[in-house]
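Here's a walk through a protein–DNA model, written for someone who'd rather look at residues than at tables. Have a look at the picture, then read on.

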There are 2 protein chains.
Amino acid sequence: MQDEGADDDVFRALADPARRQLLDRLHAQDGQTLGALCAGLAMTRQAVSKHLAILEAANLVATLRDGRRKLHFLNPMPIQSIADRWIGKYRRGAVRALADLKRNLEGEGR
Amino acid sequence: MQDEGADDDVFRALADPARRQLLDRLHAQDGQTLGALCAGLAMTRQAVSKHLAILEAANLVATLRDGRRKLHFLNPMPIQSIADRWIGKYRRGAVRALADLKRNLEGEGR
DNA sequence: TGATTAGGCAACTTTTTGGTTGCATATTAG
DNA sequence: CTAATATGCAACCAAAAAGTTGCCTAATCA
């Protein structure tokens, strides 16, 4: 009851280095066009376009049409949601980890 | 200079729902065997074994041999590292986002 | 208007990934 | 020792993902 589908798109989107790089670029300068985001990437424009579509579907990037151009904006909200909901859980458990390890090693009935 | 290869394994490992589920199971009870982790999952033992291997390669799971059994322990450290190093960056940028959006929309020389 | 610029769509190829089956190995119980 | 248990290894398969090429459409500039 914690990963019922919505977060999955975000995790998947973040899995690819090229897409993380695109997010980094938008973080450095927001509102770039597709062409600007392509510059210097060893990839065709269409490949970048697909990556951006995936990021957009995951709600990590919002777009805005301006004439013949399409501006791309970073939306860090889903990342924060994951950090709060999902990573927080493991952080809380982190302190217990070593204790658990010891307890399990000792108490294992073999 | 932030994603130079090590974090990539972690991102990739977290991309699959089945692997996140395995982490959740270890979070609920640490030190389980492969067989125990398989129980109730609509997957063969070998499939689970592969997932665990990926998690282990990403350093998210540590294993310990105990006779013919293999115990699996959750290691939340890489998750925390990512949260601190990578997600933190976007969180810092979040406040600026709307301001950036407005600025870009107005100042765009077309 | 004609040429150029920015981007979209769709088919296709290649790689990667998730999963399976079958067999092998090692430890433990009787 | 023999049987059962717990896991490992390797080949194979299918589906998804990443990337390409080719063509099309819509704005803008000269």
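## A cut-off to keep in mind

A residue counts as buried when its relative accessible area is under 20%, as exposed when that figure is over 50%, and as partly exposed in between. With that in hand, take Asp8(A): its relative accessible area is 12%, so it is buried. One more thing before going further: this is a predicted model, and everything below should be read that way.

## Chain A at a glance

Chain A has five helices and three strands. Going along the sequence, they come in the pattern α-α-β-α-α-β-β-α. Of the 110 residues in chain A, 48% are buried.

What share of the contacts between residues at least 6 apart in chain A joins residues at least 24 apart? The figure is 53%. As for the outside, chain A shows about 6100 Å² of accessible surface, and carbon and sulfur atoms hold 54% of it.

## Helix H1 of chain A

Two residues are worth a look here. Ala6(A) sits in helix H1 of chain A, which covers residues 6–14, and Asp8(A) belongs to helix H1 of chain A too. Ala6(A) has 48% relative accessibility, so it goes down as partly exposed, whereas Asp8(A), at 12%, is buried.

Asp8(A) also has a polar partner: its side chain makes a 2.5 Å polar contact with the side chain of Arg12(A). Ala6(A), for its part, shows how the chain folds back on itself in space: 72 residues separate it from Pro78(A) in sequence, yet their C-alpha atoms are 9.5 Å apart.

## The sheet in chain A

The three strands of chain A make an open, antiparallel sheet, in the order S1-S3-S2. Which strands lie at the edges? They are S1 (32–33) and S2 (61–66) of chain A, each of which pairs on one side only.

S2(A) and S3(A) run antiparallel and are joined by six bridges. If you want a spot to zoom in on, Ala62(A) stands opposite Phe73(A) of S3(A). In general, strands of a sheet pair through backbone hydrogen bonds, whether parallel or antiparallel.

## The hairpin in chain B

Over in chain B, strand S2 (residues 61–66) and strand S3 (residues 69–74) pair in the antiparallel sense, with six bridges between them. Asp66(B) has Arg69(B) in S3(B) as its bridge partner. The hairpin of S2(B) and S3(B) has two residues between the strands, and Gly67(B) takes a positive phi there, near 65°.

## Asn59 in both chains

Glycine isn't the end of the positive-phi story. Asn59(A) has a phi near 70°, a positive value in a residue other than glycine, and Asn59(B) has a positive phi of about 70° although it is not a glycine either.

Where do these residues sit, in chain A and in chain B? Asn59(A) is in the loop between H4 and S2 of chain A, and Asn59(B) is in the loop between H4 and S2 of chain B. Asn59(A) has a relative accessible area of 47%, so it is partly exposed. Asn59(B) comes in at 46%, so it counts as partly exposed as well.

## Around DNA strand C

DNA strand C has 24 residues around it, and the closest are Gly35(A), Arg68(A), Thr44(B), Lys50(B) and His51(B). Of the atoms of DNA strand C that come within 4 Å of the protein, 62% belong to sugar and phosphate. The residues of that surface sort into 12 charged, eight polar and four nonpolar.

Several elements supply at least two residues each to the surface near DNA strand C: H3 (34–38), H4 (45–57) and S3 (69–74) of chain A, along with H4 (45–57) of chain B. Which element gives the most? That's H4(B), with five residues.

Some individual polar pairs are worth displaying:

- Thr44(B) has a polar side-chain atom 2.5 Å from a phosphate oxygen of DNA strand C.
- Arg45(A) has a side-chain N or O atom 3.1 Å from a base oxygen of DNA strand C.
- Arg68(B) places a polar side-chain atom 3.2 Å from a base oxygen of DNA strand C.

How values were computed:
Residues are numbered from 1 along each chain as its sequence is written. Chains are lettered from A and ligands numbered from 1 in the order in which they are written. This is a predicted model: local features need pLDDT of at least 70, side-chain atom pairs count only at pLDDT 80 or more; totals for chains, interfaces and linings use all residues. Side-chain values use heavy atoms; hydrogens and water are left out. A residue is near a molecule or strand if one of its heavy atoms lies within 4 Å of it. A polar contact is a pair of N or O atoms within 3.5 Å; within protein, one must be able to donate a hydrogen and the other to accept it, and residues adjacent in sequence count only if both atoms are side-chain atoms. Helices (H or I, at least four residues) and strands (E, at least two) are DSSP runs, numbered from the N terminus. Ala, Val, Leu, Ile, Met, Phe, Trp, Tyr, Cys and Pro count as nonpolar, Asp, Glu, Lys and Arg as charged, and the others, Gly among them, as polar. Two strands pair if DSSP finds at least two bridges between them. Buried means under 20% relative accessible area, exposed over 50%, partly exposed in between (1.4 Å probe, protein chains only). Contact means heavy atoms within 4.5 Å. Accessible areas come from the Shrake-Rupley method with a 1.4 Å probe; for residues, only the protein chains shown count as cover.
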